[in-house]
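These are my notebook entries from a session with the sequence and the structure open side by side. I went through the sheet, the helices and the ligand in turn, and wrote down what I looked up.

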Amino acid sequence: MRFEGKVVIITGAAQGIGRACVRRFAREGAFVVIADLDEAPGKELEEEIKSAGGAALYVHVDAAERLDVHNMLAATLDAYERVDVLVNNVGIDMVGDFLEFEEADFDRVLRVNLKSAFLCSQAVARHMVDQIESEGGARHDEAGYAIINMSSVSAITASGNNVAYATSKAGLNQLTRAMAIALAPHGIRVNAIAPGKISTDAVKKATVDLETREAILTRTPLGRVGSPDEIASIAAFLASEDAAYMTGQCLYAEGGRLALNYTMNKSAKD
Ligand SMILES: NC(=O)c1ccc[n+]([C@@H]2O[C@H](COP(=O)([O-])OP(=O)(O)OC[C@H]3O[C@@H](n4cnc5c(N)ncnc54)[C@H](O)[C@@H]3O)[C@@H](O)[C@H]2O)c1
């Protein structure tokens, strides 16, 4: 039980990759805060974790709203009295041709994908710093405290119709590095995970379409989409003792996509 007694806040945790992270950290002994806008699946997940003998708390939060973030932290401290790990997982995607893309949509994506990570990290890190001081100061020889940002391969790759999303994820990678440097003296590590296509409900629906599935597979050397559990296991690694000497990094989990400079020949692979 790597996370026995640790408190982990996960934003955008009611479904998809966030939900898999909740289950993973809870299974490994953590008290998990499920921070999400969507109450019904959030509460359902809380019940699921509790009936399996774990500890979880659903908190309704807009992760890009300062007051909500403040309340999320207060609810966490009320319930568990500390916080050890923050996973900034919340994210939305809006596609649209660059020439037509609305300013309001650009703002919305940047707000949810990038500003939320700034707000949540700053609020939680301020508390972590106080906690660290009260525990006798920074320990640089152990996993300590961790912040993990959910980035994307879109931080590197781009297309004409995902301008806001790609920009937000590239910003998130740079926020990861800047926060890693700012928080290193306190013993707080900050890293990111950049998934390729992951089989969340939305992706499962989209890949029912043969053309979409082919488009994904021809750019994925491993020949399949990833699972939310495969991303959750990287989050658990980054939060654990095994990653104690890692900070400021982004780990890409994308089936080999970024190494590819041609498309996969489907018939050769089959
Ligand atoms: N699924 C993929 O293929 C994929 C690939 C690369 C990166 N990612 C990234 O991984 C993260 C999770 O993706 P997913 O596919 O699991 O997402 P998802 O859409 O399945 O779930 C996102 C969750 O975030 C919640 N949410 C949305 N806005 C919120 C807000 N302002 N405050 C609080 N909660 C909010 C939603 O209610 C939902 O529960 C995102 O940052 C996404 O960009 C996903």
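**Entry 1, the sheet.** In this predicted model I traced an open sheet of seven strands, and I wrote its order down as β3-β2-β1-β4-β5-β6-β7, with parallel pairing. I then looked at the edges, where β3 (55-60) and β7 each have a single partner strand, so that one side of each is left without a neighbour in the sheet. From one strand to the next I noted a twist that averages 15 degrees.

**Entry 2, pairing around β1 and β4.** I followed strand β1 (residues 7-11) to each of its partners. With strand β2 (residues 31-36), β1 pairs in the parallel sense over five bridges, and here I found Ile-10 opposite Ile-34 of β2. Towards β4, three bridges join β1 to its parallel partner, and in that pairing Ile-10 has Val-87 as its bridge partner. Going on from β4, I found four bridges to strand β5 (residues 145-150), which again runs parallel to it, and there Asn-88 is partnered by Asn-149.

Which residues of β4 are buried on one side, and which on the other? I looked at strand β4 (residues 85-88) from both faces and found each of them covered, with Val-85 and Val-87 buried on one side and Leu-86 and Asn-88 buried on the other.

**Entry 3, helices on the sheet.** I looked next at helix α2 (residues 39-51), which lies across β2 and β3 and runs at about 170 degrees to β3. Helix α5 (residues 163-183) also packs on the sheet, where I saw it touching β5, β6 (188-195) and β7, and its direction makes about 165 degrees with that of β6.

**Entry 4, the pair α3 and α4.** Two packed helices are described by the angle between their axes and the distance between the axes, and I looked up both values. The axes of helix α3 (residues 66-80) and helix α4 (residues 103-134) come within 10 Å and cross at roughly 35 degrees, and the crossing is right-handed. I listed the residues that make this contact as Arg-66, Val-69, His-70 and Leu-73 from α3, together with Leu-119, Cys-120, Ala-123, Val-124 and His-127 from α4. Sorted by class, the contact has six nonpolar, two polar and one charged residues.

**Entry 5, Tyr-252.** Is Tyr-252 buried or exposed? I found this residue in strand β7 (residues 250-253), and I counted Tyr-252 as buried because 20 other C-beta atoms lie within 10 Å, where 20 or more is the cut-off for that label. Leaving aside neighbours within four places in sequence, I found Tyr-252 in contact with Val-153, Ala-194 and Leu-258. I also checked Glu-241, eleven residues away along the chain, and its C-alpha atom is separated from that of Tyr-252 by 20 Å.

**Entry 6, around the ligand.** Which residues come nearest to the ligand? Of the 27 residues around the ligand, I noted Gly-12, Gly-16, Ile-17, Gly-91 and Ser-152 as those that come nearest. The elements that give two or more residues to this shell are α1 (16-27) and α6 (201-206), and α1 has the largest share with three residues. By class, I recorded 14 nonpolar, nine polar and four charged residues in the shell.

Notes:
Residues are numbered from 1 along each chain as its sequence is written. This is a predicted model: local features need pLDDT of at least 70, side-chain atom pairs count only at pLDDT 80 or more; totals for chains, interfaces and linings use all residues. A residue is near a molecule or strand if its C-beta atom, placed from the backbone, lies within 6 Å of it. Ala, Val, Leu, Ile, Met, Phe, Trp, Tyr, Cys and Pro count as nonpolar, Asp, Glu, Lys and Arg as charged, and the others, Gly among them, as polar. A residue is buried if 20 or more other C-beta atoms lie within 10 Å of its own, exposed if 12 or fewer, and partly exposed in between; C-beta atoms are placed from the backbone. Two residues are in contact if their C-beta atoms, placed from the backbone, lie within 7 Å. Two strands pair if DSSP finds at least two bridges between them. Axes are lines fitted to C-alpha atoms, for helices over the stretch in contact, and angles run from 0 to 180 degrees between N-to-C directions. A crossing is left-handed if the near helix is turned anticlockwise from the far one by less than a right angle, and right-handed if clockwise.
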